Amino acid sequence: MASKSILGSHTSLTPEARQILREGQRDQLISGLMALTAVALFVAPWITGRPDIAKDAHRNELAVGMFVLFIAMARFKWHLGRWSDVAVLAAGAWLVASPWLLGLGNTRVFTDDAPIFDVVAGGVLITLALVSMALYSPTPDDGGRSSG
């Protein structure tokens with residue numbers, strides 16, 4: 001009986017309420033993918049195969065991973081708006097550029113696979129941020145501060 005009332009209340013939602021729920025689900029999906037990418041950055045030393053060398057690259061991946069994970073988890077709790085997308089976009093751009101900015105030729109900084117992994121992970125973060133920005137639709141009463 002309780003399940004019928006829950007289903008009955010769901011089907012009687014207004015179109016605006018359904019739109020808000022869909023936007024929230026999209027935001028949670030993007031946030032979840034950002035969190036998964038952050039976790040991949042945490043385990044990057046083992047993904048690239050050499051956890052004992054290239055410590056500078058791994059510290060970089062760990063720092064970016066912690067930053068992105070913090071933003072992704074905050075997106076689950078609060079509607080952060082576009083600033084969170086811009087921050088993730090900047091983190092992704094840093095990951096793409098970091099092999100060259102930190103010294104690609106220095107083998108103590110990067111192993112052979114670390115630059116490839118950083119560029120791919122950065123590309124994923126850039127794509128997620130751009131998709132989130134494209135799907136962002138501020139409501140008139142929030143002043144553009146919340147994302148759906």
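**View 1. Gln28 is partly exposed, at 43% relative accessible area.** This legend, like the others, goes with a predicted model. Gln28 has its place in helix H2. Look across to Arg75: 47 residues separate Gln28 and Arg75 along the sequence, yet their C-alpha atoms are 7.5 Å apart in space. Arg75 is one of the buried residues of H4, so the pair brings a partly exposed residue together with one at 3% relative accessibility.

**View 2. Arg75 and Asp85 make a salt bridge.** The structure holds one salt bridge, and here it is, with the closest N and O atoms 2.6 Å apart. Arg75 sits in helix H4 and Asp85 in helix H5, so the pair ties together parts that are 10 residues apart in sequence. Side chains of opposite charge can pair when their charged atoms come close. Are these two partners buried or exposed? Arg75 counts as buried because its relative accessibility is 3%, under the 20% cut-off. Asp85 is buried too, with a relative accessible area of 0%.

**View 3. Ser31 is tucked in as a buried residue of the model.** You'll find Ser31 in helix H2. Its relative accessibility is 1%, so it counts as buried. What does Ser31 touch, once neighbours within four places in sequence are set aside? The contacts are Ala72, Arg75 and Phe76. Arg75 is the salt-bridge partner of Asp85 from the previous view, and Ala72 and Arg75 are both among the buried residues of H4.

**View 4. Leu29, Leu33 and Leu36 form a nonpolar patch on the surface.** Together the three leucines have about 300 Å² of accessible area. Leu29 lies in helix H2. Its relative accessible area is 55%, over the 50% cut-off, so it counts as exposed. An α-helix has 3.6 residues a turn, so residues three or four places apart point the same way. For the whole protein, the exposed area is about 8700 Å², with carbon and sulfur atoms supplying 69% of it.

**View 5. Helix H4 has the span expected for its 23 residues.** At 1.5 Å a residue, the helix should cover 33 Å, and its end C-alpha atoms are 33 Å apart, so the two values agree. The buried residues of H4 are a mixed bunch, including Ala57, His58, Asn60, Glu61, Val64, Gly65, Val68 and Ile71. Just past this helix, His79 lies in the loop between H4 and H5. His79 counts as exposed because its relative accessibility is 53%. His79 and Asp27 are 52 residues apart in sequence, but their C-alpha atoms are 9.0 Å apart in space.

**View 6. The largest nonpolar core has 19 residues.** The residues with the most contacts inside this core are Met34, Leu41, Val64, Val68, Val88, Leu95 and Leu125. Helices H2 (15–42), H4 (55–77), H5 (82–101) and H6 (114–135) each supply at least two residues of the core. Zoom in on Leu125 to see how these helices come together. Not counting residues up to four places away in sequence, Leu125 touches Thr37, Leu41, Val64, Val68, Val88, Gly92 and Leu95.

**View 7. Leu89 in helix H5 is partly exposed, at 24% relative accessible area.** Which residues does Leu89 touch, not counting those up to four places away in sequence? It touches Ile126, Ala129, Leu130 and Met133. The C-alpha atoms of Leu89 and Gly122 are 8.5 Å apart, with their positions 33 residues apart in sequence. With 24% sitting between the 20% and 50% cut-offs, Leu89 counts as partly exposed.

**View 8. Zoomed back out, the protein has six helices and zero strands.** From the N terminus on, the elements run α-α-α-α-α-α. Buried residues make up 34% of the 148 residues. How do contacts reach along the chain? Among contacts between residues at least 6 apart in sequence, 68% join residues at least 24 apart. Back in the close-ups, Ser31 touching Phe76 and Leu125 touching Leu41 are handy contacts to find first.

Definitions and conventions: Residues numbered from 1 in each chain as written. Predicted model: local features only at pLDDT ≥ 70, side-chain atom pairs only at ≥ 80, totals over all residues. Heavy atoms only, no water. Core = buried A, V, L, I, M, F, W, Y, C linked by side-chain atoms within 4.5 Å. Buried < 20%, exposed > 50% of the residue type's maximum accessible area, 1.4 Å probe, protein only. Helix = DSSP H or I, 4+ residues; strand = E, 2+ residues; numbered from the N terminus. Contact = heavy atoms within 4.5 Å. Patch = residues over 30% accessible without salt bridge, like charges linked within 9 Å, V, L, I, M, F, W, Y side chains within 5 Å. Areas by Shrake-Rupley, 256 points an atom, 1.4 Å probe, with all protein chains shown as cover. Salt bridge = Lys/Arg side-chain N within 4 Å of Asp/Glu carboxyl O. Expected span 1.5 Å × (residues − 1).
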